[in-house]
Structures are given as C-alpha cells and as structure tokens.
Amino acid sequence: MQKTAFITGITGQDGSYLSEYLLSLNYKVTGLVRRNSVAENQDYRLLNINGIEVMYGDILDQSSLLNALNKFKPDEVYNLAAQSHVRISSEIPYFTSQVNAIGALNMLEAIRVSCPGVRYYQASSSEMFGQNIDNDGFQRETTKMNPVSPYGCAKLFAFNMTCHYRNAYGLNAANGILFNHESPRRGSNFVTNKIVKAAVLIKKGKLNKLELGNLDSFRDWGHSYDYVRAMHLINNAPVVSDFVVATGESHSVREFCAYVFKKLELDYKDYVTQNPKYMRPEELKVLRGDSRKIRQELGWIPNYNFEALLDELVDYWLSKL
Ligand code: NAP
Ligand code: G4F
C-alpha cells in the first residue's frame, strides 16, 4: 500500500530534496507551507517537483498541525520546520526558540493526541554539541551536549522532548543529529553558498571582495541529498532511536575558500576579508561527526565527499550567474 509522508519545512532545502526522494519511492508527499506576502517566494524550491499536496499552516499554530494530520493521515512525519540560521538566532532568540523548540513540542503533542502510531523524525543538529568533542576528535550519539547559540539551545529542547515523548508515551519518535549539509538549494547566507556565489561573481568581474566572519571554524560538510536519504532510513529503522549523520571529514572555512577560489584560478587571500558583523557571540569551533551507528545499523553511505560537494556548488553558480 502507498505510504503517506507529511513534511513541515517542505519549502526548505531539505524539504525539497526529501520530497523528491520520497516521491521516487512512491510515497504520497504532503506538507505544510507558511503564508508569505509574496506568493512566488513561498514554494520556489518545489516548483519543479510534481505531485506534492500542501496545506497552509505554521508550526506555531497547533490547530493547523491537527488539521493537517487529520487531513493527510500520514504514516511518517518529518519535522524540518525551523529558523535554521545560527548567527541570526542571536538576533531573534525568542522567535527562534518558539519555532525550533515549542514548534517541535506542538508537533509531538499533535501526534500524541491524534495519531500516536506514526513514525516521527525530528531534525536535530550537531549545533547541540557546542564545544564538546570526544578524546578521539569526533562527536557521536553519546557526546555531551552544551549548545552555544539560541538555535542550539532550542534544538536541544526539541531533541530532549522527542526522547521524552518516545519514553513516556511510546511514540515512534526519533532524532537525526545531522551535521552541516549543503546543496545548490541552500540559502545563500549560509557560508558555503555565500563563498561560492561571491567567488563566481569575482571571477566574472562583478564583485571585488568577500566579507566573512570566522575563517578558522571547522565544519563537517555533506550534501543534503545524502542526508535526506538518512532521514528516511531513520524514520523506518527497525528499532526507533537517535542517529548521528555526518561524513567524518572536517574542514575549515579557510580551506573551503582556498579550494573554491583555486578552482576558479583565483587566490582567496586577494579577496576575502573579515567583518565582525558576521562573527557570533560564541563560536562553535569544531564539528566532526562519527556516523558509524547509522552506517552499521541502517546501511547509510554518503555519495558526496568534500570535493564533490564543492565542485557541484561551483558548477551550479557558474551556470546560474
Ligand atoms: P531551511 O532551508 O532553512 O528550511 C527551513 C524550513 O522551515 C522552511 O521550509 C521554512 O519555511 C520552514 N519554517 C520556518 N519557520 C516555520 C514556521 N514557523 N512554521 C512552519 N514552517 C516554518 O533549512 P534546511 O537546511 O532545509 O534544514 C531543515 C531542518 O534541519 C531544519 O530544522 C534545520 O534546523 C535542521 N538542520 C539543518 C542542517 C543543515 O546543515 N542544513 C543540519 C542540522 C539540522 P519558509 O520557506 O516559509 O521560510
Ligand atoms: O554556514 P553556517 O552559517 O552554518 P552553521 O552555523 O554551522 O549552522 C548550520 O549547520 C548546523 C549543523 O551543525 C545546522 F543545524 C544549522 O541549521 C545550519 O544549517 O556557518 C558555518 C561556519 C560557522 O563557523 C560560521 O561562523 O562558517 C562560519 N562563517 C564565517 N563567515 C560564516 C561566515 N557563516 C555565515 N553564515 N556567514 C559568514 O559570513
């Protein structure tokens, strides 16, 4: 029988890739879309994807969640809705906490009262670890969590609530603890697309400098397409539990710049400057994930490495600009 998936955050980077992936597996794909004053901005990432059914709603509007669950009767729920920008979460901490923390609680409560049997995926984040790293240099499911941003604090609340609803009420609720993942559909105020887009504009003579924040933070960057496959595996795992999803490779923002500019036959040092505006009140310095659990238990393998991801971004921006 055809399964139905319900996705909050369906208009985002991951929501669009997850929709495509689930459609390819013959799912009925449904989702929640926020009302936007410019209708064209609402679902531009979904425009080339046929067969999705959406409803207006908001993760902060409990009635819209209950209506959606009653209407679509999903087998699987993916809660991807979030204010997902870490630095901006320090400018709008209250809003970020509402959406990322209370929004997840709204979804869990709506499921508990209306469809407690569904499989629930919570989009948790490596930002929850803060500066904690195990002695071998990796973060994993057992690593202590001490977030260093309003975003991370709110995500940790949602993570804990997901575990609590699983333990207390027997919900099939799981966390994916995902490390950074990117794609051409990533917002261009995240560092990856910000760098690549600017480097291509510089190459084409349309820009002469790129202002960044901390060049010496390290991130474990993967591709969104690989990570939405992991979400589906987690939501169909034989035993409901939490999984880290990561490549296991970590690179600095500086290395990212060096690779991209070099590929365009430029030297990043000639163009990149630092602007305090893009620094964070407290910087998370290093992320590097150990994803052995999902690889061994669910057979997940990423197709993209660091270079393949960056090559795709450069090709995308070269063709777009
Ligand atoms: P994204 O592109 O920023 O998408 C966020 C989605 O949430 C958008 O569809 C957005 O809708 C929606 N949303 C925001 N506020 C909402 C609200 N009040 N009610 C309903 N929907 C709302 O983020 P992403 O990269 O796809 O990430 C997906 C999820 O994974 C997020 O929860 C993020 O925090 C988490 N995560 C991401 C990464 C990563 O590296 N990408 C890593 C770990 C965890 P609009 O289009 O209307 O704004
Ligand atoms: O691309 P970023 O903004 O991603 P960040 O903060 O790591 O968060 C992303 O990954 C999390 C998973 O760990 C997700 F949960 C979250 O939703 C989001 O998807 O910044 C990456 C690094 C940071 O260290 C930042 O300080 O790049 C550094 N950076 C340096 N200059 C910059 C800039 N980041 C941004 N956005 N803009 C800059 O100009």
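These exercises with solutions concern a predicted model of a protein and its ligand 2.

**Exercise 1.** Determine whether the radius of gyration agrees with that of a compact globule.

Solution. Start from the chain length, 321 residues. For that number a compact globule would have a radius of gyration near 20 Å. The protein has 19 Å, which agrees with the rule. The C-alpha trace spans about 60 × 45 × 40 Å along its principal axes. As for burial, 55% of the 321 residues count as buried, where buried means under 20% relative accessible area. The secondary structure consists of eleven helices and 13 strands.

**Exercise 2.** Describe the shell around ligand 2 by residue class and by domain.

Solution. First take the count: 24 residues surround ligand 2. Next, sort them by class: nine are nonpolar, nine polar and six charged. Then assign domains. Domain 1 (4-181 + 221-245) and domain 2 (188-219 + 250-286 + 305-320) each supply at least three residues of the shell. Finally, pick out the residues that come nearest to ligand 2: Ser125, Ser126, Tyr151, Arg280 and Glu283.

**Exercise 3.** Which side chains place a polar atom 2.5 Å, 2.7 Å and 2.8 Å from an oxygen atom of ligand 2, and how much of the ligand does the protein bury?

Solution. Apply the cut-off for a polar contact, a pair of N or O atoms within 3.5 Å. Lys194 has a side-chain N or O atom 2.7 Å from a ligand oxygen. For Arg219 the distance from a polar side-chain atom to an oxygen of ligand 2 is 2.8 Å. For Arg280 the corresponding distance is 2.5 Å. Turning to area, ligand 2 taken alone exposes 710 Å², and the protein buries 96% of that.

How values were computed. Residues are numbered from 1 along each chain as its sequence is written. Chains are lettered from A and ligands numbered from 1 in the order in which they are written. This is a predicted model: local features need pLDDT of at least 70, side-chain atom pairs count only at pLDDT 80 or more; totals for chains, interfaces and linings use all residues. Side-chain values use heavy atoms; hydrogens and water are left out. A residue is near a molecule or strand if one of its heavy atoms lies within 4 Å of it. A polar contact is a pair of N or O atoms within 3.5 Å; within protein, one must be able to donate a hydrogen and the other to accept it, and residues adjacent in sequence count only if both atoms are side-chain atoms. Accessible areas come from the Shrake-Rupley method with a 1.4 Å probe; for residues, only the protein chains shown count as cover. Ala, Val, Leu, Ile, Met, Phe, Trp, Tyr, Cys and Pro count as nonpolar, Asp, Glu, Lys and Arg as charged, and the others, Gly among them, as polar. Domain bounds come from an automatic or database domain assignment. Helices (H or I, at least four residues) and strands (E, at least two) are DSSP runs, numbered from the N terminus. The radius of gyration is taken over C-alpha atoms; the globule rule is 2.2 Å times the number of residues to the power 0.38. Buried means under 20% relative accessible area, exposed over 50%, partly exposed in between (1.4 Å probe, protein chains only).
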